[in-house]
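Visitor: I am new to this model and would like a close look at one part of it, followed by whatever helps me to place that part in the whole. Please go slowly.

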Amino acid sequence: MTIRVMLVDDQMLLRTGFRMVLAAQQDMEVVAEAGDGAEALETLRSTAVDVVLMDVRMPNVDGVEATRRICSGNPGSPKVLILTTFDLDEYAFSALKAGASGFMLKDVPPADLLAAIRAVHSGDAVVAPSTTRRLIDRFSTVLPATTPEPLSRGLERLTDREREVLTLVAQGLSNGEIAAQLVLSEATVKTHVGRILAKLELRDRVQAVVLAYETKLVRAGGGAQ
């Protein structure tokens with residue numbers, strides 16, 4: 001299956017570089033490009049795309065608003081992978097909250113970028129645990145002070161073990177690290193994460209991390225309440 005990719009960045013040279021990397025892959029094709037979010041949204045009306053590589057800081061409609069509009073569409077909407085120059089970028093954090101499936105730096109090695117595109121296309125989230133930890137610690141102050149009641153009730157549907165796993169996910173641990181800490185197999189941890197996402201009606205572990213902080217299951221700094 002060919003992954004149809006759209007490049008959205010106001011810097012043409014960067015788009016050219018990404019296009020060259022993707023063009024060398026047998027399972028990927030760059031089907032569209034755009035210089036800002038408005039152009040991207042217009043193009044998506046007539047072009048079938050699987051994964052959007054989205055810059056965040058662009059003129060007119062920025063990457064955050066474009067991501068929000070894309071991810072609020074129908075279930076068949078493209079996945080969005082955020083690309084940014086800065087490791088701790090509040091715009092990228094906002095885009096993750098808006099529905100993006102991943103966060104990568106623009107200087108990421110080509111192999112990592114390709115792996116991220118494939119992972120996002122398959123339904124996974126691609127925010128490295130260390131990046132998740134830094135993002136949440138840095139920007140937890142922008143999260144709501146109060147939590148809507150439906151979110152709190154949602155956590156009550158989790159078992160004690162699932163809440164424990166969610167807490168560790170929110171602290172930025174990978175499945176392997178969670179397995180080691182809880183003395184479980186990695187497959188069992190993956191099953192728990194899947195059940196957590198299903199019960200809370202979340203798309204991926206990125207949304208799970210945000211929810212854990214919004215509901216105060218964990219606090220800034222990565223510790224459990």
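Visitor: Does glutamate 201 count as buried or exposed, and at what relative accessibility?

Guide: Glutamate 201 counts as exposed, at 70% relative accessibility, where exposed means over 50% relative accessible area, buried means under 20%, and partly exposed lies in between, for a 1.4 Å probe and protein chains only. Before going further, please keep in mind that this is a predicted model, in which local features need pLDDT of at least 70 and side-chain atom pairs count only at pLDDT 80 or more, while totals for chains, interfaces and linings use all residues. Residues are numbered from 1 along each chain as its sequence is written, and side-chain values use heavy atoms, with hydrogens and water left out.

Glutamate 201 sits in the loop that runs between α10 (186-200) and α11 (205-214), and its phi is positive, at about 55°, although it is not a glycine. The helix that follows this loop, α11, is mostly covered, since eight of its ten residues are buried. These buried residues are Val206, Ala208, Val209, Val210, Leu211, Ala212, Tyr213 and Glu214, so that an exposed glutamate 201 comes before a helix that is mostly covered. Just after α11 there is another positive phi, that of lysine 216, at about 65°.

Elsewhere in the chain, asparagine 60 invites a comparison with glutamate 201. Asparagine 60 lies in the loop between β3 (51-55) and α3 (63-71), and its phi is near 60°, again a positive value in a residue other than glycine. Asparagine 60 is also exposed, with a relative accessible area of 68%.

In helix α3, which follows that loop, threonine 67 gives a contrasting case, for at 0% relative accessibility it counts as buried. Leaving out residues up to four places away in sequence, threonine 67 touches Met54, Val80, Ile82, Ala95, Ala98, Gly99 and Ala100, a contact being heavy atoms within 4.5 Å.

Arginine 15, in helix α1, is likewise buried, with a relative accessible area of 11%. Its side chain makes a polar contact at 2.8 Å with the side chain of glutamate 33 (a pair of N or O atoms within 3.5 Å, one able to donate a hydrogen and the other to accept it, with residues adjacent in sequence counting only if both atoms are side-chain atoms). Apart from its neighbours within four places in sequence, arginine 15 is in contact with Leu7, Asp9, Asp10, Glu33, Ala34 and Gly35.

The same helix α1 (residues 12-23) also meets α5 (residues 110-121), the two axes coming within 11 Å and crossing at roughly 75°. That crossing makes α1 roughly perpendicular to α5, a description that covers angles of 65 to 115 degrees. Here Phe18, Val21 and Leu22 of α1 meet Pro110, Leu113, Leu114 and Ile117 of α5.

To set these parts in the whole, the protein has eleven helices and five strands, counted as DSSP runs of at least four residues (H or I) for helices and at least two (E) for strands. Of its 225 residues, 48% are buried. Among the contacts between residues at least 6 apart in sequence, 67% join residues at least 24 apart.

Definitions and conventions. Axes fitted to C-alpha atoms, helices over the stretch in contact; angles between N-to-C directions. Parallel < 35°, antiparallel > 145°, perpendicular 65-115°, else oblique.
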